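Student: Could we go through this model together, with attention to how its helices pack and to what surrounds some of its residues?
Tutor: Gladly; let us take the helix pairs and the residues in turn.

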Amino acid sequence: MMQIVFALTLKASARDPYLVFWSLILPIGGIIGLSLISDSPANNISLLAGMTSISILFFTLMTTSYAVLSQRRRGVYHLLHVTPMVLWKYVLSLSSAWTVTGLFCGVIILTIGSLVINTQLTMTAFLLASAIMIIAGLGYVFLSFFIASLSQNEGHISIITNIITIPLILTSDAFYSLQNAPTWVTTLNRFNPFQWFLNGIQSSLTLHISQYVVSMSLLLLVVLCALLLAVRTFRYSA
């Protein structure tokens, strides 16, 4: 049963027009456009990591929040009471499929982006980046259950996701250097989970193992916190 839910969710995700635009076309277009004005390999690596992270963030946090709310409003979780499948298995199947979809987007962007900016993507770098994309994606998916629990309609989700994602992106160095930023910005940056994700992908591409281990450890902590939030706030209906 779990395999069926996983496959159906994966198939539905692949057909999502928001996925195609926000998590594939927009990041790839951004890499192509910004690489034309970038003048250093270091900036290109940051650009590639930034666009990959944005893609996964948009899908596994924003798109899945709408999907969870939609299922709740249609009574999908209540229907589980009349099936042999228990709730946690259903949620695990959904979360796994959405995380794999996010990983799929990240892999496409990393592969195409490395060709665009002419950076060699080694197998070691690819595996390290894939692992951290899975962990970050899983954390965002769990957080999307929490966001959907707080929301009564799509407008609420739009507001909450923007309140969360915009500060995360603006206080990271995804698109610009924070070297000369005010102290309060750099302080926020140190505690920014999105920056930890960025650091993880950047350290994967540069094979900076010690930074990678730190980033992975912090993201695992985020996954645990997001899971606890999702479990404590889960609601069967809207």
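**Helix packing and two buried residues**

Student: Which handedness does the crossing of α6 and α7 have?
Tutor: The model is a predicted one, and in it the crossing of α6 and α7 is right-handed. The contact is made by Ile-147, Ala-148 and Leu-150 on the α6 side, and by Ile-157, Ile-160, Thr-161 and Ile-164 on the α7 side. By class these residues comprise six nonpolar, one polar and no charged. The handedness asked for is thus right-handed.

Student: At what angle do α6 and α7 pack, and how far apart are their axes?
Tutor: Two packed helices are described by the angle between their axes and by the distance between those axes. Helix α6 covers residues 123-150 and helix α7 covers residues 154-170. For this pair the angle is about 135 degrees and the axes are 9 Å apart. That angle makes α6 oblique to α7.

Student: Are α3 and α9 parallel or oblique to each other?
Tutor: The axes of α3 and helix α9 (residues 193-206) come within 9 Å and cross at roughly 130 degrees. An angle between 115 and 145 degrees falls in the oblique class, and therefore α3 and α9 are oblique to each other.

Student: How many nonpolar, polar and charged residues take part in the contact of α3 with α9?
Tutor: The α3 side includes Ile-45, Leu-48, Ile-56 and Leu-57, and these meet a set in α9 that includes Phe-194, Phe-197, Ile-201 and Leu-205. Divided by class, the residues of this contact are eleven nonpolar, six polar and no charged.

Student: Is Thr-60 buried or exposed, and what is its relative accessible area?
Tutor: Thr-60 lies in helix α3, which spans residues 41-73. Apart from residues up to four places away in sequence, Thr-60 touches Trp-98, Gly-102, Gly-137, Tyr-140, Val-141 and Ser-144. Since buried means under 20%, Thr-60 counts as buried, with a relative accessible area of 0%.

Student: Which residue has its backbone oxygen 2.5 Å from a polar atom of the Thr-60 side chain?
Tutor: The partner of the Thr-60 side chain here is a backbone oxygen, and the two atoms lie 2.5 Å apart. That backbone oxygen belongs to Ile-56.

Student: How far apart in space are Gly-137 and Trp-98, C-alpha to C-alpha?
Tutor: Gly-137 is found in helix α6 and is buried, with a relative accessible area of 0%. Leaving aside neighbours within four places in sequence, Gly-137 is in contact with Ile-56, Thr-60 and Thr-99. Gly-137 and Trp-98 are 39 residues apart in sequence, and their C-alpha separation in space is 8.1 Å.

Notes
Residues are numbered from 1 along each chain as its sequence is written. This is a predicted model: local features need pLDDT of at least 70, side-chain atom pairs count only at pLDDT 80 or more; totals for chains, interfaces and linings use all residues. Side-chain values use heavy atoms; hydrogens and water are left out. Axes are lines fitted to C-alpha atoms, for helices over the stretch in contact, and angles run from 0 to 180 degrees between N-to-C directions. Helices (H or I, at least four residues) and strands (E, at least two) are DSSP runs, numbered from the N terminus. Angles under 35 degrees count as roughly parallel, over 145 as roughly antiparallel, 65 to 115 as roughly perpendicular and the rest as oblique. A crossing is left-handed if the near helix is turned anticlockwise from the far one by less than a right angle, and right-handed if clockwise. Contact means heavy atoms within 4.5 Å. Ala, Val, Leu, Ile, Met, Phe, Trp, Tyr, Cys and Pro count as nonpolar, Asp, Glu, Lys and Arg as charged, and the others, Gly among them, as polar. Buried means under 20% relative accessible area, exposed over 50%, partly exposed in between (1.4 Å probe, protein chains only). A polar contact is a pair of N or O atoms within 3.5 Å; within protein, one must be able to donate a hydrogen and the other to accept it, and residues adjacent in sequence count only if both atoms are side-chain atoms.
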